[in-house]
Amino acid sequence: MSDQAPNESLFDDVVNLAKRRGFVFPSAEIYGGFRSTYDYGPLGVLMLRNVKNAWWRSMVQLRDDVVGLDAAILSPPAIWAASGHLETFTDPMVDCRNCKERLRADQIGDTCPNCGSSDLTEARDFQLMFKTHAGPIENEGSVAYLRPETAQGMFTNFMNVATTTRKKPPFGIAQVGKSFRNEITPGNFVFRTREFEQMEMEYFVPPAEAPKWFDYWVEQRYGWYREYGIPEELIKLRPHDEDELSHYSAGTTDIEFLFPWGWGELEGVANRTDYDLKAHAAASGERLEFFDQAANERYVPYVIEPAAGATRAMMAFLLAAYDTDEIGGEKRDVLRLDWRLAPNQVAVLPLSKKEELEPTAREVLGLLQPHFQCDYDVTQSIGKRYRRQDEVGTPWCVTVDFDTLEDRAVTVRDRDTTEQVRVPIESLVAEIISRTAKA
Ligand code: ATP
């Protein structure tokens, strides 16, 4: 666990804010909630999308060696038999005979953390994949699994992608999507849930180049979190010990974040070797190889995999951004989110509800909306509305007042400095774009 004191009030503050302001709701709340599942509300869906878009931009859009994929979630047992998941994707589970709590044996000592009893059952393996049936008949032949990771879609489509894109190693296939794990002990809000979103990329390389690319991707991915606002003291790299490595890995480094309860994984970068392609080739009978024409030889590429959680990353960005300060003697909660991750970039605020301000305020909103995700809010005093926007991380507020009707200028207020400047409507979009370039 952490070498720093846990910060429980930060955790409560951020979870409360997320619920109160519509980032994250407990799923099926009107029925009392459902087993650590969560729904992303109006602000949460915007922010989660921004996290995924930021990842996609860095992994796909800004590169010419990585292409995208969106594979099916339902998958046949053959995939998971070949990948090793049916056999090894398990956690050791124990039951406390005293309080009946079900626990992960590798996460506890010799006593139950719930009641302190040491009357625990023997540990037994618990399969983490969700099993279901595809089609109207429920028998062994119709068994299907919900994918527990997105990665296998990239391996099973390796030849499809390589031949349709004519990519040669080193090249990558990236995917963002839902994964499902029947976690024994979900918890800590959206840190560990049974349904979550992943952002994974499989980078296929000539085997001899694997160590070089492994180091490259560890550095790239660390840099990505730093670029989007995680400060240095809250993030670190942790190479896995030999006995901790997954069955397919020749080396893994986790990127960890200092959560309020201690260090926890945000992303794992692994050298998966040629394990998966060889396993699928053997099981399917298909050739999953690259033919290097220049050298006139066939080989099975090695794979470097940066595997991140989108929902877990969103939580880390929220925790890192949460701050309180004082403005004019009043305490303020502020989310200092990078503008690219903030749910809304701009809020348009007519100074009062008076009708004569509305057409101009709506005109300003219409100018901004093609460029930015905007909020429009007319209720309460302007001071209260600024606070509401600060609390959800909106970097810029644009206020339309009665002078606007005369001089066609608006006030732009900055979330972090609270500084206000007057800007002509005609140059408003350019002004905000220039601020994004500086932010
Ligand atoms: P952990 O050790 O936390 O269970 P893991 O090592 O099993 O994670 P990976 O299989 O490497 O995780 O998955 C890649 C990423 O997917 C993790 O770094 C994490 O961000 C995310 N992730 C994995 N399991 C969950 C979950 N149950 N809920 C939310 N995110 C998850």
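This report covers the sheets, a helix pair, the ligand surroundings and two backbone details of one structure. The model is predicted.

**The seven-stranded sheet**

Seven strands make an open sheet. Their order is β3-β10-β11-β17-β14-β13-β12, and the pairing is mixed. Strands β3 (66-68) and β12 (235-239) form the edges, each pairing on one side only. On average, neighbouring strands are turned by 25 degrees against each other, direction ignored.

Helix α7 (residues 210-227) packs on this sheet. The helix touches β11 (195-205), β12, β13 (252-259), β14 and β17. Its direction makes about 150 degrees with that of β14.

Within the sheet, β14 (residues 262-273) and β17 (residues 302-309) run antiparallel. Six bridges join these two strands. N271 stands opposite I304 in β17.

**The three-stranded sheet**

A further open sheet has three strands in the order β6-β5-β7. Here the pairing is antiparallel. The edges are β6 (102-104) and β7 (124-127), and each pairs on one side only. Neighbouring strands in this sheet are turned by 50 degrees against each other on average, again ignoring direction.

Strand β5 (residues 90-95) pairs with β6 over three bridges, in the antiparallel sense. V94 has L103 in β6 as its bridge partner. In general, strands of a sheet pair through backbone hydrogen bonds, either parallel or antiparallel.

**The α2 and α9 helix pair**

Helix α2 (residues 42-61) packs against helix α9 (residues 310-321). The angle is about 105 degrees, and the axes are 9 Å apart. The two helices are therefore roughly perpendicular to each other; the range for that label is 65 to 115 degrees.

Which residues make the contact? From α2 come G44, M47, L48, V51 and K52. From α9 come A310, T311, A313, M314, F317 and L318. By class, the contact residues of α2 with α9 are eight nonpolar, two polar and one charged.

**Around the ligand**

The ligand has 14 residues around it. Those that come nearest are E183, R192, T193, E265 and L266. Three side chains place a polar atom by an oxygen atom of the ligand, as the table lists.

| Side chain | Ligand atom | Distance |
|---|---|---|
| R192, polar atom | oxygen | 2.8 Å |
| R312, N or O atom | oxygen | 3.1 Å |
| Q198, N or O atom | oxygen | 3.2 Å |

R192 thus appears both in the table, at 2.8 Å, and among the residues that come nearest to the ligand.

**Backbone details**

Where is the cis peptide bond between P169 and P170? P170 sits in the loop between α6 (158-165) and β10 (171-180). The bond from P169 to P170 is cis, with omega near 0 degrees. Strand β10 is also a member of the seven-stranded sheet.

R35 is not a glycine, yet its phi is positive, at about 45 degrees. This residue belongs to the loop between β1 (24-26) and β2 (38-40).

Terms used
Residues numbered from 1 in each chain as written. Predicted model: local features only at pLDDT ≥ 70, side-chain atom pairs only at ≥ 80, totals over all residues. Heavy atoms only, no water. Axes fitted to C-alpha atoms, helices over the stretch in contact; angles between N-to-C directions. Helix = DSSP H or I, 4+ residues; strand = E, 2+ residues; numbered from the N terminus. Parallel < 35°, antiparallel > 145°, perpendicular 65-115°, else oblique. Contact = heavy atoms within 4.5 Å. Nonpolar A, V, L, I, M, F, W, Y, C, P; charged D, E, K, R; others polar. Pairing = 2+ DSSP bridges. Near = heavy atom within 4 Å. Polar contact = N/O pair within 3.5 Å; in protein donor to acceptor, adjacent residues only side chain to side chain.
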